[in-house]
Amino acid sequence: LEGPDSSLAEWTQRARSEPIRLSPDVLARVALQNALLPVAAHVAGPGESAYLPLAAPLERLLGAVRPVVIPRPSATWIGMEEARFLSRTHLSVEALMTRRIAYEEAVAGAVPAELRMHLESADEALDGALLRLADLGLSLDPNLAGPLRKGRQRIEEEAARLKRKVTSAALSKEGLGLSRWETVAGWVLPRGRFQEKVYGWAALLARCGEAGMRRSLEALDPFDFRHRVIEVEQR
């Protein structure tokens, strides 16, 4: 709106004579809404709650009274299978929502103790064998130091890859495989965003069914502003 030939008076006159050509931005809409359609309370999400106070100067200019801002109920829905996965890996929905967690980190605590023992034993045996091979090679030819170092690195990388495959196979048998983890993480935080930013009521209804939605609504307390985790039976 600013330019060499523009002025507040000019734009005020234009707004009065051609109001249909002007559209308020998000903060102006808030102020106009409070001036024209005053309410006792405004139920808002975290994003709205952050920017609503920025409309205060325009609200004062319009003589509008800002309503009380009440946080809307916030929840994450999770199926029983997903809840069992998180329980067995000692993770929480809150942990998934506050930081990015890789599959290996997620299931680290669920790897069977016997499997960990066998893998550690294999590591020790491999390390011992490589050390003996290096000692033998260097005693015969000191120039083998470079090839031995590079060979050891390649062997350790391949051994680590095989260990991951063995671990993944063991976890898959227990229902804790990578595909299950991707399902859990993808539903709890779809596309890296909160469910309420991605899923509408139709998606939740399709997943939870009418009975599940009814139980979910019963679990939401409009005066409890904490984020809720709601477990439901999936259809």
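In which sense, and over how many bridges, do β1 and strand β2 pair? In this predicted model, local features need pLDDT of at least 70 and side-chain atom pairs count only at pLDDT 80 or more, whereas totals for chains, interfaces and linings use all residues. Residues are numbered from 1 along each chain as its sequence is written, and side-chain values use heavy atoms, with hydrogens and water left out.

Strand β1 (residues 41–44) and strand β2 (residues 68–71) pair in the parallel sense over four bridges, where pairing requires at least two DSSP bridges between two strands, and strands (E, at least two residues) and helices (H or I, at least four) are DSSP runs numbered from the N terminus. H42 stands opposite V69 in β2. The side chains of β1 alternate, in that H42 and A44 point to one face and are buried, while A41 and V43 point to the other and are not; buried denotes under 20% relative accessible area, exposed over 50%, and partly exposed the range in between (1.4 Å probe, protein chains only).

In helix α5 (residues 80–88) lies R88, which counts as partly exposed because its relative accessibility is 39%. Leaving aside neighbours within four places in sequence, R88 is in contact with A110, E174 and L176, contact being defined as heavy atoms within 4.5 Å. Between the C-alpha atoms of R88 and G109, which are 21 residues apart along the chain, the separation is 8.4 Å.
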